[in-house]
Amino acid sequence: MTVLRVEALAKDFMLHLQGGLHMPVLRDVALAIGAGECVALVGPSGAGKSTLMRCIQGNYGVGAGHIMLRHCGEWVDVAAADARLMRAVRRDTLGYVSQFLRVIPRVPSLEIVAEPLLARGVPGDIARVRAKDLLLRLNMPEALHGLPPATFSGGEQQRVNLARGFAPHYPLLLLDEPTASLDAANAEVVIGLITEAKRAGSAILGIFHDAAVRARVADRLFEVHPVRETA
Amino acid sequence: MMHAEGLVLRFGAVAALDDVAMEIHPGEVLAIVGESGSGKTSLLRVLAGLQPVQAGSVVFDGQEVLSLSDAAKRRLMRTEWGFIHQNARDALRLDISAGGNVGERLMAAGARHYGRIREETAHWLRRVEIDPARMDENPRNFSGGMQQRLQIARTLITRPRLVFMDEPTGGLDVSVQAKLLDLIRGLVAELGLAVVLVTHDIAAARLLAHRIMVMRHGRVVEEGLTDRVLDDPRHAYTQLLVSSVLAA
């Protein structure tokens with residue numbers, strides 16, 4: 001079953017502060033992913049892998065094309081969805097683990113991880129047990145669960161971020177360098193989480209810098225080509 | 001829940017609002033950002049029925065706000081709506097106790113049982129992290145951050161559905177701002193409030209708002225999902241606004 005279908009996607013940046021500099025980043029991208037499948041984006045640095053991912057997440061607007069996503073049994077076009085629909089899509093369908101956790105002041109790590117479950121109406125005790133299990137699995141000692149991650153190391157923050165991304169089951173999960181700041185043992189945990197999510201039916205689209213990790217989780221590679229400047 | 005269109009407000013030759021439209025849905029937090037003079041505070045005051053306009057319409061729950069009588073507007077402000085001012089002292093009564101400031105709103109909305117009002121007041125003081133033991137103190141003795149939290153308790157005790165906020169963290173120390181923002185964030189999510197938040201603080205908008213509207217010279221130049229507008233700004237002015245923020 002197809003979960004995501006990207007059609008004829010184009011993305012440009014217009015930098016008004018740099019004298020109207022026009023930067024085409026994506027041209028005519030077409031990509032489909034099915035449930036339970038993991039696709040790795042590959043291509044040289046600057047080719048637009050992260051940009052493509054952010055377009056699918058709705059974080060970047062697109063210039064042309066469609067990003068069709070199966071959301072609650074219906075196809076929605078992320079490229080045209082309004083803010084309210086995007087909130088619902090992100091709550092129920094579309095997960096995203098960025099490279100860096102955007103820290104919210106004063107909120108304990110456990111709550112950050114439980115939050116997407118609570119947003120879906122999962123009872124607090126169940127959500128927190130799930131959050132605690134994931135943090136422990138990612139080798140975050142219980143003493144840290146009650147602390148806000150602002151003072152954590154990069155690797156610890158990233159594990160909070162990953163626990164949050166894997167806490168709910170998302171039909172489509174986007175992973176941007178999920179193991180970049182992790183040691184081998186924690187990278188192994190993430191590989192396990194990806195494998196389980198796939199088995200549970202999640203489609204996964206990822207950027208994996210580490211070729212060994214990529215080889216173990218990806219079913220297929222998708223090459224993102226740099227756009228040749230024509231203007 | 002509320003939608004407005006075609007709002008025009010001129011002060012002499014200056015257009016504070018030049019054909020502005022907006023909408024907000026239950027449980028949604030909308031930030032209106034822009035620099036001083038962009039029209040954002042004028043828009044907030046118009047939506048809250050505090051400022052008449054030359055043209056346009058504001059509809060709340062199916063009724064036209066701009067043609068309501070003053071009494072009907074005051075009734076909305078006591079029940080369905082709340083308004084949080086930048087300067088807490090504009091909203092608080094400094095001649096009565098902190099608890100009186102909070103409980104008074106409940107009485108204005110019809111509550112009469114003294115014990116229950118006091119109990120509810122203590123509950124709301126705790127919610128905004130003020131020790132209920134200080135209930136009988138005069139808010140004049142409170143710090144700026146505490147006064148702001150007191151104003152929030154005073155506003156939320158009547159359980160409004162729609163809250164207007166005008167620079168709620170303006171003029172406070174940075175550490176106090178962070179605490180206040182987090183408090184607001186928690187309360188808004190827990191109570192499912194709809195909020196129209198006016199701020200020039202982009203970081204505050206990112207933390208609190210689901211959706212953002214960027215205003216300049218009385219017009220909306222860009223609008224959409226908060227992270228989309230801030231991470232992929234299209235309009236030259238939004239790009240300038242976002243690039244001017246210092247990363248901490």
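## Exercises: a pocket and an interface

The second largest pocket gets the largest share of its lining, five residues, from helix 2 of chain B. Keep in mind that this is a predicted model.

**Exercise 1.** Work out which elements and residue classes line the second largest pocket.

*Solution.* Start with the space: the pocket holds about 480 Å³. Next, list the lining, which has 20 residues, with Leu50(B), Met77(B), Phe83(B), His85(B) and Arg105(B) lying nearest the centre. Then go by element: in chain B, helix 2 (70–78), strand 6 (81–84), helix 3 (88–91), helix 4 (98–108) and helix 6 (144–156) each give at least two lining residues. Finally, sort by class, and you get seven nonpolar, five polar and eight charged residues.

**Exercise 2.** Describe the area buried between chain B and chain A, and find which residues of chain B lose the most.

*Solution.* Count residues to begin with: chain B brings 24 to the contact and chain A brings 23. The buried area comes to about 1,900 Å², with 51% from carbon and sulfur atoms. On the chain B side, Leu225(B), Asp232(B) and Gln239(B) lose the most, together 25% of what that side buries.

**Exercise 3.** Tally the polar links between the two chains, then look at the makeup of the chain B side.

*Solution.* There are four salt bridges between the chains. One to look up is Arg106(A) with Glu129(B), at 3.4 Å from N to O. Polar contacts join 12 residue pairs, both partners at pLDDT 80 or more. By class, the side of chain B that touches chain A splits into five nonpolar, seven polar and 12 charged residues.

Technical notes:
Residues are numbered from 1 along each chain as its sequence is written. Chains are lettered from A and ligands numbered from 1 in the order in which they are written. This is a predicted model: local features need pLDDT of at least 70, side-chain atom pairs count only at pLDDT 80 or more; totals for chains, interfaces and linings use all residues. Side-chain values use heavy atoms; hydrogens and water are left out. Buried area is the accessible area (1.4 Å probe) that two parts lose on being put together, summed over both. A salt bridge is a side-chain nitrogen of Lys or Arg within 4 Å of a carboxyl oxygen of Asp or Glu. A polar contact is a pair of N or O atoms within 3.5 Å; within protein, one must be able to donate a hydrogen and the other to accept it, and residues adjacent in sequence count only if both atoms are side-chain atoms. Ala, Val, Leu, Ile, Met, Phe, Trp, Tyr, Cys and Pro count as nonpolar, Asp, Glu, Lys and Arg as charged, and the others, Gly among them, as polar. On a 1 Å grid over the protein atoms alone, a cavity is a set of points where a 1.4 Å probe fits but cannot get out, and a pocket is an open set with protein on both sides within 12 Å along at least five of seven lines; lining residues have an atom within 4 Å of a point. Grid points are joined across faces, edges and corners, and a volume is the space filled by probe spheres set on the points. Helices (H or I, at least four residues) and strands (E, at least two) are DSSP runs, numbered from the N terminus.
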